[in-house]
Amino acid sequence: MLVQEIKEKTDKTDSGIYIPDTAKEDHGAKRGKVIAVGKGKFDDGALVPMSVSVGDTVLFQWGDTFTYEGEDYFIVREGEIVAIVK
């Protein structure tokens, strides 16, 4: 699936707490929006559909990065999805 990372652009929370630069460093899961998904994967000859849909917000741990028209994207396997944020 194709995921675009959602980056926090603020140095302060809505309640007024300032976020230090060290808290903004990559410490694991990233938050992103699903841009595109494939049909699924084959398991014992049967097609298993993806559990995420285009437009879902997900937490993911890893993916191959590439840049297209100035925007950064990740190619992420379904197994790297930690959670679907509702």
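User: Two strands pair if DSSP finds at least two bridges between them. In β7, which residue is the bridge partner of T65?
Analyst: The model is predicted, so local features need pLDDT of at least 70 and side-chain atom pairs count only at pLDDT 80 or more, while totals for chains, interfaces and linings use all residues. Residues are numbered from 1 along each chain as its sequence is written, and side-chain values use heavy atoms, without hydrogens or water. β6 and β7 pair in the antiparallel sense over five bridges. Within β7, the bridge partner of T65 is F74.

User: How many strands does the secondary structure of the chain come to?
Analyst: Helices (H or I, at least four residues) and strands (E, at least two) are DSSP runs, numbered from the N terminus. Read from the N terminus, the elements run β-β-β-β-β-β-β-β. There are zero helices, and the number of strands is eight.

User: Which strand pairs with β1 over two bridges?
Analyst: Strand β1 covers residues 2-5. One bridge partner of a β1 position can be named: L2 is matched with I75, and I75 lies in the strand of residues 71-75. The pairing is antiparallel, and the partner of β1 is β7.

User: Is I75 buried, partly exposed or exposed?
Analyst: Buried means under 20% relative accessible area and exposed over 50%, with partly exposed in between (1.4 Å probe, protein chains only). I75 has a relative accessibility of 45%. Because of that value, I75 counts as partly exposed.

User: What distance separates the C-alpha atoms of D64 and L2?
Analyst: D64 is in strand β6, residues 64-68, and at 43% relative accessibility it counts as partly exposed. Contact means heavy atoms within 4.5 Å. Not counting residues up to four places away in sequence, D64 touches Y73, F74 and I75. D64 and L2 are 62 residues apart along the chain, and their C-alpha atoms are separated by 9.7 Å.

User: What share of the contacts between residues at least 6 apart in sequence joins residues at least 24 apart?
Analyst: K30 offers some contacts to look at: apart from residues up to four places away in sequence, it touches E5, V58, L59, F60 and F74. For the chain, the count takes contacts between residues at least 6 apart in sequence, and the share that joins residues at least 24 apart is 59%.

User: Is K30 buried or exposed?
Analyst: K30 is found in strand β2, which spans residues 30-36. Its relative accessibility is 16%. On that value, K30 counts as buried.

User: How many residues make up the largest nonpolar core?
Analyst: In soluble globular proteins, nonpolar side chains tend to be buried together. A nonpolar core is a set of buried Ala, Val, Leu, Ile, Met, Phe, Trp, Tyr and Cys residues joined through side-chain atoms within 4.5 Å. V76 is one of the members here, and beyond its neighbours within four places in sequence it is in contact with M1, V3, F60, W62, G63 and I81. The largest core consists of M1, V3, V34, V52, V58, F60, F74, V76 and I81, and its number of residues is nine.

User: What percentage of the residues in the chain is buried?
Analyst: The chain has 86 residues. K30 is among the buried residues, at 16% relative accessibility. For the chain, the buried share is 19%.

User: Which side chain meets R77 in a salt bridge?
Analyst: A salt bridge is a side-chain nitrogen of Lys or Arg within 4 Å of a carboxyl oxygen of Asp or Glu. The structure holds one salt bridge. R77 is exposed, with a relative accessible area of 59%, whereas its partner counts as buried at 16%. The N to O distance is 3.8 Å, and the partner of R77 is E80.

User: Which residue takes a positive phi in the hairpin of β6 and β7?
Analyst: The hairpin has two residues between its strands. The residue in question is not a glycine, yet its phi is about 50 degrees. It lies in the loop between the two strands, and it is exposed because its relative accessible area is 68%. The residue is E69.

User: What is the phi of D44?
Analyst: D44 sits in the loop between β3 (41-43) and β4 (46-48). With a relative accessible area of 80%, D44 is exposed. Although D44 is not a glycine, its phi is positive, at about 55 degrees.
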